[in-house]
Amino acid sequence: MSDILLEGRDLVKHYPVTQGLLRKLVGYVRAVDGISFSVERGKTLSLVGESGAGKTTAARAVLLLEKLTSGCIFFEGQNICQFSSSQLKADYRPRVQAVQQNPWSSMNPRMRVRDIIAEPLVVNTRQSKQQVRKRVLELLDQVGLMPEHAERYPHEFSGGQRQRIAVARALALHPSLIVLDEPVSALDVSIRAQIMNLLKDLQDQHNISYLVIAHNLATVRYMSHSVAIMYLGEIVEYGEAEALFEQPLHPYTRALISASVLTVPEENDREVTQIILKGEMPSPLNPPSGCRFHTRCPCAWDICSQEVPQKKVMGTQWVRCHLYD
Amino acid sequence: MSDRIVLQVENLHTSFFTRLGEVKVIDGVSFYVREGETLGIVGESGCGKTVTGLSIIRLLPEPAGKVVGGKILLDGSDLLKLSQKEMREYRGKKITMILQDPMTSLNPVYPIGDQIAESIRLHRNLSEGEVLKEVISTLKLLRIPAPQMRLRDYPFQLSGGMRQRVVGAIAMSCRPRLLIADEPTTALDATIQAQYIALFKEIQRETGVAIVFITHDFGVIANICHRVAVMYAGKIVETARTRELFKNPQHPYTIALMESVPRLDQKTDRLYSIQGQPPSLANLPPGCRFLPRCSDPLDFCHEREPEEKVIGDEHSVSCWRMWRTN
């Protein structure tokens, strides 16, 4: 049995929608609607989907930035939803850190790099100034920056370097899990490879787990050990990255892959066969009946709009689709 | 695609005049686009892709930015010789541009129908009834469902994909000869991006518009472009037909850029990453601009800038390696 660090069980997050002066409840936005996933120690799980699929809400729930409507999170086998706030502060929050998408807005422009990286240490530990300083220099070295960078301000760095600073800050407390929300999508193409390689190296050196939120499938394939494909608040397919990309089962996964794969055009035959989905993702306020994907699915038939597909395990992956009944 | 050349850019030089002196953002760029053809311009941020687009449509931020040399020929007439007034006749009618973020290119307080009608009223002498008909036919061209109903919608009522279609509708409303698309799909989701690109391929077949497609995404290039120009630090370092570029890239920058992008269709153990960053255009080193990041330079690369060499049908490369006799 594999070593599971963090597990989300039936996570649900509904946002109430109110209307009028009396704020009458008119419905719920079902941002995350019963998803389960697990992150193994030293491995990477990616949540993939288009905007509005609920992937960021799920990540925020793991970071305890959102209060779940229902469901629970297990960390090293313990249900953290039953933790008191002091227990959380001692045993959970320092061990789960985050790197945000945009390195231009995730740092205080008026703080020096050394203070930015030291902040988690100052808040969570009682180390002396010398100890903190030593640790900051160690962290700068780990992410490939120079000791003299410590005295500078964020605006003096390029996007890739800032993302390195954000990674250094996340590493400061020796976390077991880092939540990476679109860690490279704000960066230039040539810089993305540098940051992805850095993250992989750090994972190997420190045995850290990553929960990656991403929409770029090629990035996900390169970074992940397992992948969950999300659509409208649900996970439609989940499995080991290699198997899932070699043999995608769900029509949505296939469409996503087809939309992002780089196909070199053949001579005199410019048309690359691509699955083009019709329409857009429906509103999570009022999701379609049955399978939520049936309104855009190229393979849908009668049953799809009537019955919710059940989870079907096939090899190392599982899928929710009536095609496999 | 016909053989008629719509846009011919010859030896374009664009500079920005700053406190630090003249910064040569575009330094001798030449290319052409045929009727019904899509030319992709690819490169990192800051290499001059967008400034190339803005130079063609003459919307550089004045007075800092200025075209200081070269020719931009649209159907044979030089755009740089036109007065501002004449240029306004061209802009929106013969040349149009689509920008990356639809929310900032649409006016939030006008319904989309009015915004599309604006350029039709300005450039074509039509009665109000005919303008409305044209607006609806343009919305249909962009496959916007139920166009009559949508006319009165405001940008905030539309999804990101629909908004970008409206921007496309404004650009196509006068059936231009040339469309400059500056990262039009970067802000869109993968499946919506695929829809948008498929749509533009159809529109190009129907109208024969020439497209200059600025992007940093090789996937998009492979999908929509007939030819590609790779830009680095204000110069085109390699240009080739799309298939040729992917099968037989020659410039070390093109190769490095391609290898640093992860592939979806195969497992990659370790990505190649280009070291360092593009040089500052304000003080360029002599010799080849890519030299500090080049993995395999020759001894004289730092002395002189490489000259362009044609190495195949519509394939040329600016790298000293190409000039070595074997």
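How many residues of chain A are in contact with how many residues of chain B? In this predicted model, where local features need pLDDT of at least 70, side-chain atom pairs count only at pLDDT 80 or more, and totals for chains, interfaces and linings use all residues, 34 residues of chain A are in contact with 36 residues of chain B, two residues being in contact if their C-beta atoms, placed from the backbone, lie within 7 Å. Residues are numbered from 1 along each chain as its sequence is written, while chains are lettered from A and ligands numbered from 1 in the order in which they are written.

On the side of chain A that touches chain B, the largest share, 6 residues, comes from helix 6 of chain A, where helices (H or I, at least four residues) and strands (E, at least two) are DSSP runs numbered from the N terminus.

Chain B is divided into two domains, with bounds from an automatic or database domain assignment, as the table shows.

| Domain of chain B | Residue range | Residues in the contact between the domains |
|---|---|---|
| Domain 1 | 5-94 + 176-273 | 12 residues |
| Domain 2 | 106-173 | 11 residues |

The centres of these two domains of chain B, taken over C-alpha atoms, are separated by 26 Å.

Chain B also holds an open sheet of 4 strands in the order 2-1-4-5, with antiparallel pairing; two strands pair if DSSP finds at least two bridges between them. Strand 2 (21-34) and strand 5 (77-78) of chain B each have a single partner strand, so one side of each is left without a neighbour in the sheet. Strand 1 (residues 5-18) and strand 4 (residues 65-74) of chain B are joined by 8 bridges, and Gln8(B) has Leu73(B) in strand 4 of chain B as its bridge partner.
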